[in-house]
Amino acid sequence: GNPHTMTSRATSEAIERTRLAVLSFLKVDATKYSVVFTSGATAALKLVGECFPWSGGSEFRYTLENHNSVLGIREYAMAKGASFTALDRAGLEAWLAPSKHSDKAESKDAACCLFAF
């Protein structure tokens, strides 16, 4: 709408209040984190795929049962040389085992990884 109308201003203010309320609820610093509203799951997943800092060392893992648009994220991962794997329940439990990731989490050079379910 027209940003000069009273309705548009009120809507913008309501969106900003909601954004700050979400950040407060999550107890995160608004200078370090953002809340982004999208039209739905497909748009949100596309945004994640496009903006994620993929690299050759990145891993994208997702469950076998998920939103169909999760599969589209594989294309973004592949384009940057990242690996991807669909996990069944046993594979998911093994991958999430604490000992599996404890050393990677400490490394400052660790590639960013993404998990979707």
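**Exercise 1.** Determine which strands helix H3 lies across in this predicted model, and at what angle H3 runs to S1.

*Solution.* Begin with the contacts of the helix: in this predicted model, H3 lies across S1, S2 and S3. Then take the direction, for which the angle of H3 to S1 is about 165 degrees.

**Exercise 2.** Work out the order of the three strands in the open sheet, and find which of them are edge strands.

*Solution.* The order of the strands is S2-S1-S3, and their pairing is parallel. Strand S2 (83-87) and strand S3 (114-116) each pair on one side only, and these are the edge strands. As for the turn between neighbouring strands of this sheet, the average is 15 degrees when direction is ignored. Looking next at one pairing, strand S1 (residues 59-63) is joined to S2 by five bridges, and the two run parallel. One bridge can be followed by residue, since Thr 63 has Leu 87 in S2 as its bridge partner.

**Exercise 3.** Describe how helix H2 packs against helix H3, and explain why H2 counts as roughly parallel to H3.

*Solution.* Two packed helices are described by the angle between their axes and the distance between the axes. For helix H2 (residues 41-51) and helix H3 (residues 70-79), the angle is about 15 degrees and the axes are 9 Å apart. Because angles under 35 degrees count as roughly parallel, H2 is roughly parallel to H3. The crossing in which H2 passes H3 is right-handed. On the side of H2, the contact is made by Leu 45, Lys 46, Gly 49 and Glu 50, while H3 contributes Val 70, Ile 73 and Tyr 76. Sorted by kind, the residues of this contact are four nonpolar, one polar and two charged.

Definitions and conventions
Residues are numbered from 1 along each chain as its sequence is written. This is a predicted model: local features need pLDDT of at least 70, side-chain atom pairs count only at pLDDT 80 or more; totals for chains, interfaces and linings use all residues. Side-chain values use heavy atoms; hydrogens and water are left out. Axes are lines fitted to C-alpha atoms, for helices over the stretch in contact, and angles run from 0 to 180 degrees between N-to-C directions. Helices (H or I, at least four residues) and strands (E, at least two) are DSSP runs, numbered from the N terminus. Angles under 35 degrees count as roughly parallel, over 145 as roughly antiparallel, 65 to 115 as roughly perpendicular and the rest as oblique. A crossing is left-handed if the near helix is turned anticlockwise from the far one by less than a right angle, and right-handed if clockwise. Contact means heavy atoms within 4.5 Å. Ala, Val, Leu, Ile, Met, Phe, Trp, Tyr, Cys and Pro count as nonpolar, Asp, Glu, Lys and Arg as charged, and the others, Gly among them, as polar. Two strands pair if DSSP finds at least two bridges between them.
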